[in-house]
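Colleague: Before I plan any bench work, I would like a close look at a single part of this model. Could you take the aromatic residues and the strands around them and walk me through what is there?

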Amino acid sequence: MTKLGKCVLVLTVREFCQRYRVGRTFAYEEMNAGRLEYFHYGRHRRIAVDAAERWLEKKQRAAKLLRELRAAENYVCPALPKPVIEQR
């Protein structure tokens with residue numbers, strides 16, 4: 001972790017990946033999609049620890065919601081085709 005300016009804790013992309021156990025490509029995808037806030041420091045990207053924590057909380061909330069949906073009896077995954085029921 002690096003201190004930059006007035007005690008703002010920031011992470012390099014490598015540090016972010018190590019801390020949150022994600023791949024570098026995934027981290028850049030999250031940044032490019034706008035789901036992970038970052039800023040440029042020279043030519044390099046930096047991620048504020050606060051932004052990283054917010055990103056993690058959003059991911060955890062989404063995972064919890066998905067688990068709850070899957071647990072519901074009438075849940076049908078929109079990514080999967082609907083089952084075909086043969087009628088005789």
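What follows is a connected account, from the whole chain to the aromatic residues and then to one pair of strands.

Modeller: Please keep in mind throughout that this is a predicted model. The chain has three helices and four strands, and along the sequence these elements come in the order β-β-α-α-β-β-α. Of its 88 residues, 22% count as buried, while the area that the chain exposes comes to about 7,500 Å², with carbon and sulfur atoms supplying 52% of it. Among the contacts with a separation of 6 or more, 42% are between residues 24 or more positions apart.

Turning to the aromatic residues, the count comes to four aromatic pairs. One of them is formed by Phe16 and Trp55, whose rings meet edge-to-face, with 5.2 Å from centre to centre and 65° between the planes. Because Phe16 belongs to helix H1 (residues 13-20) and Trp55 to helix H3 (residues 49-71), this pair ties together parts that are 39 residues apart in sequence. As buried means under 20% relative accessible area, Phe16 falls into that class with a relative accessibility of 1%, and Trp55 does too, with a relative accessible area of 5%. Phe16 and Trp55 also belong to one aromatic cluster, which is formed by Phe16, Tyr20, Phe26 and Trp55.

The strands to look at next are S3 and S4. Strand S3 (residues 39-41) and S4 run antiparallel and are joined by three bridges, and one of the residue pairings is that of Tyr41 with His44 in S4. Two residues lie between the strands of this hairpin, where Gly42 takes a positive phi near 70°. Strand S4 (residues 44-48) is mostly covered, since four of its five residues are buried. His44, which is found in strand S4, is itself partly exposed, with a relative accessible area of 48%; that value is not under 20%, so His44 does not count as buried. The C-alpha atom of His44 is 8.1 Å from that of Thr12, although the two residues are 32 residues apart along the chain.

A further aromatic ring, that of Tyr38, has the charged end of Arg45 sitting over it, 4.5 Å from the ring centre.

Technical notes
Residues are numbered from 1 along each chain as its sequence is written. This is a predicted model: local features need pLDDT of at least 70, side-chain atom pairs count only at pLDDT 80 or more; totals for chains, interfaces and linings use all residues. Side-chain values use heavy atoms; hydrogens and water are left out. Buried means under 20% relative accessible area, exposed over 50%, partly exposed in between (1.4 Å probe, protein chains only). Contact means heavy atoms within 4.5 Å. Accessible areas come from the Shrake-Rupley method with a 1.4 Å probe; for residues, only the protein chains shown count as cover. Two strands pair if DSSP finds at least two bridges between them. Rings of Phe, Tyr and Trp (its six-membered ring) pair if their centres lie within 6.5 Å; planes under 30 degrees apart count as stacked, over 60 as edge-to-face and the rest as tilted. A charge sits over a ring if NZ of Lys or CZ of Arg is within 6 Å of the ring centre and within 35 degrees of the ring normal.
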